[in-house]
Amino acid sequence: MLQTSKPGDSRSSWKVLIMDKVTVRVMSHSCKMSDITDQGVSLVEDIFRRRQPLPQLDAIYFVQPSKENVIMFLSDMSGREPLYRKAYLYFSTPIQKDLVNRIKKDASVLPRIGALREMNLEYFSIDSQGFITEHDKALEELYGDDAENSRRFDRCLNVMATRIATVFASLKEFPFVRYKAAKLDGDSMTSFRELVPTKLAAAVWDQITTYKSSIHNFPQTETCELLIVDRSVDQIAPVIHEWTYDAMCHDLLNLEGNKYVHEVPSKSGGQPERKEVLLEDHDLVWLELRHTHIAEASERLHDKMANFVSKNKAAQLQQRDAGELSTRDIQKMVQALPQYNEQMEKLSLHVAIAGKINQIIRDTGLRELGQLEQDLVFGDAGTKEVINFLRKQEGTNENKLRLMMVYAAVYPEKFEGDKALKLMQLAKLSDSDMKAVKNMKLIEGSDSRKSSKGTFSLKFDSAKRKHASRKDRTGGEEETWALFRFYPMIEELVENLSKGELAKDEYYCMNSPSPPSHGTQGKTGASQSESVRSGQSNAQSMRSRRTANWAKSKSSDDGYSSDSVLRITPSELKKMGQRIFVFIIGGATRSELRACHKLTAKLRREVVLGTTGLDDPSQYITKLKSLSAKELSVDDIKI
């Protein structure tokens, strides 16, 4: 967009970039200001603010296709004295024909338009393999008490579908659209909440089929997979303690997004100075360690620091006696100091963060709680162990609430009626906290695997002798580090999807002429699963495959290397099979994002996670508390 908006003459190589409140966030998630200025943008403006006329400059408008934005654009560029010399107009999503006609009708504006295009770019990248649609209130608006038949429900779902569709439009990918289907059995009550993935899949499919006929060079046959699910597939992942460096930073430290504030010694010797740092992909140490276990991260940081000090010239010379230093030594030291200070500061930052996390783990007794959580999930602990832990009255209220939520997911029958009241009282949970546990039922909805008495089940079969919501996986880092057994259900679903083994009666495909009949178990359609399996090695999308940032070769002479995280080379990435996209309605977790990176290497297929928002446990619990219940019968349902 920025590169193709170059002026036809050399009078001015600088441009103005004008955006609205949504597109500015799209841009800020994808680029830094320096990236934009490198493309000749000298000024970034808000379309709704009063702006200084710059008739000698061209302007790029990157805005949503709303009536208000079109009116503002026409106001800027019409008449005898337009604000800018020429305008390049780009819309983030498809524009209605009546708005295009409105632009065409203004005879004074038409000659001043250098481009008018639909960019189809309205998603927010959070990672080389992750994006969000920025629907922080998705749980409330789609699953809340007031959600059914509300305008908020329809608007939230439609905007979400539009933004998901722009991912495929911008990447020129045509997906198989699969979704978690509602159980429409006449014998049971069906919550409107169960229909959310179905409705979203239908809306996404509608948009993508439009792109198929309207976008030049858009694939006409399927090039990838999209699986749409909601939080009901895994209610443990958002609340269990995840022990990676990334998850621990966001769970235990007071981060604002990816911004960490820490104190550094003052150069003048006064009070310590507060300094802000961003824990993002440009930091090679963060990039390497973010998905490692906190214990491994701490070990690696210790080794990096020792290695750095032993190899850096400035560090070596500083350790020698000042009297032994020659003029040449001092010159070398001065030359190495700027690089030394920068790299020492970065390593010291991560050493300090890891130390702070380990201190919090010790102070709050988090290891014992984490062990109990994992034992519950894998069926090695039960009610007795939970009661014993609660009697000690250790840990914060939030940690005890999270334990109760994990327990409720594994032992749903213990939460029927007033059965859980004594446990809640023992944990000393407030009414507000109790609400979070009870509202887990609302996301789950009804389930075909209910007991014969019709009692509510939170996904897992309560008739099992050993209550376990996960099966142990052998091999790899899970066996090396304690408290690393847990994995999100998304990992299992994506592996089944890749093998063509998703349950036919639970996951339908929009590309199929008709959904499969109820009660049949099997693979996801013969022709499609064959396509999927062949895609593992041969199938390619219509466009050239990009190289993800994390896959680019990086080297450093600073005494540490991030090679261990860069296992996939650009040439290998190009040889990969069809992409898999997973979209989770209601928020995703850092463990699920990590699983996508892990599965990319394992399956040799790039796995991309999409979601309404990336939530830390406290954020998810706050959202869960805003829900309440109302059921409807199958006769009342309209799709």
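Here are a few exercises on helix packing, a sheet, two loop residues and a buried helix, each with a worked solution.

Before you start: this is a predicted model, where local features need pLDDT of at least 70, side-chain atom pairs count only at pLDDT 80 or more, and totals for chains, interfaces and linings use all residues. Residues are numbered from 1 along each chain as its sequence is written, and side-chain values use heavy atoms, with hydrogens and water left out.

**Exercise 1.** Work out how helix α13 and helix α14 cross, and which residues meet.

*Solution.*
- Find α13 at residues 366-377 and α14 at residues 383-391. Helices here are DSSP runs (H or I, at least four residues), strands are E runs of at least two, and both are numbered from the N terminus.
- Their axes come within 10 Å and cross at roughly 160°. Axes are lines fitted to C-alpha atoms, for helices over the stretch in contact, and angles run from 0 to 180 degrees between N-to-C directions.
- That angle makes α13 roughly antiparallel to α14 (angles under 35 degrees count as roughly parallel, over 145 as roughly antiparallel, 65 to 115 as roughly perpendicular and the rest as oblique).
- Now pick out the side chains: E368, L369, L372 and L376 of α13 meet E385, V386 and F389 of α14. Contact means heavy atoms within 4.5 Å.
- Sort the residues of this α13–α14 contact and you get five nonpolar, no polar and two charged (Ala, Val, Leu, Ile, Met, Phe, Trp, Tyr, Cys and Pro count as nonpolar, Asp, Glu, Lys and Arg as charged, and the others, Gly among them, as polar).

**Exercise 2.** Do the same for α15 and α17.

*Solution.*
- Helix α15 covers residues 397-410 and α17 covers residues 431-438; the axes come within 9 Å and cross at roughly 25°.
- That makes α15 roughly parallel to α17.
- On the α15 side you'll find L401, M404, M405 and A408, and on the α17 side D433, A436 and V437.
- The tally for α15 with α17 is six nonpolar, no polar and one charged.

**Exercise 3.** Trace the open sheet of seven strands and see what packs on it.

*Solution.*
- Walk across in the order β6-β7-β14-β13-β9-β8-β12; the pairing is mixed. Two strands pair if DSSP finds at least two bridges between them.
- β6 (124-127) and β12 (507-509) are the edge strands, each with a single partner, so one side of each has no neighbour in the sheet.
- Ignoring direction, neighbouring strands are turned by 25° against each other on average.
- Look at β9 (residues 224-230) and β13 (residues 580-585): they run parallel and are joined by six bridges. E225 stands opposite I580 in β13.
- Add helix α20 (residues 489-499), which touches β8, β9, β12, β13 and β14 and makes about 140° with the direction of β13.
- Then add α23 (residues 590-603), lying across β6, β7, β13 and β14 at about 160° to β14.

**Exercise 4.** Check phi and exposure for K428 and R604.

*Solution.*
- Most residues other than glycine have a negative phi.
- K428, in the loop between α16 and α17, has a positive phi near 55°. R604, in the loop between α23 and β14, has a positive phi near 60°.
- K428 counts as exposed at 58% relative accessibility, while R604 counts as partly exposed at 32% (buried means under 20% relative accessible area, exposed over 50%, partly exposed in between, with a 1.4 Å probe and protein chains only).

**Exercise 5.** How many residues of helix α8 (residues 245-252) are buried?

*Solution.*
- Eight of its eight residues are buried, including Y245, H250 and L252.
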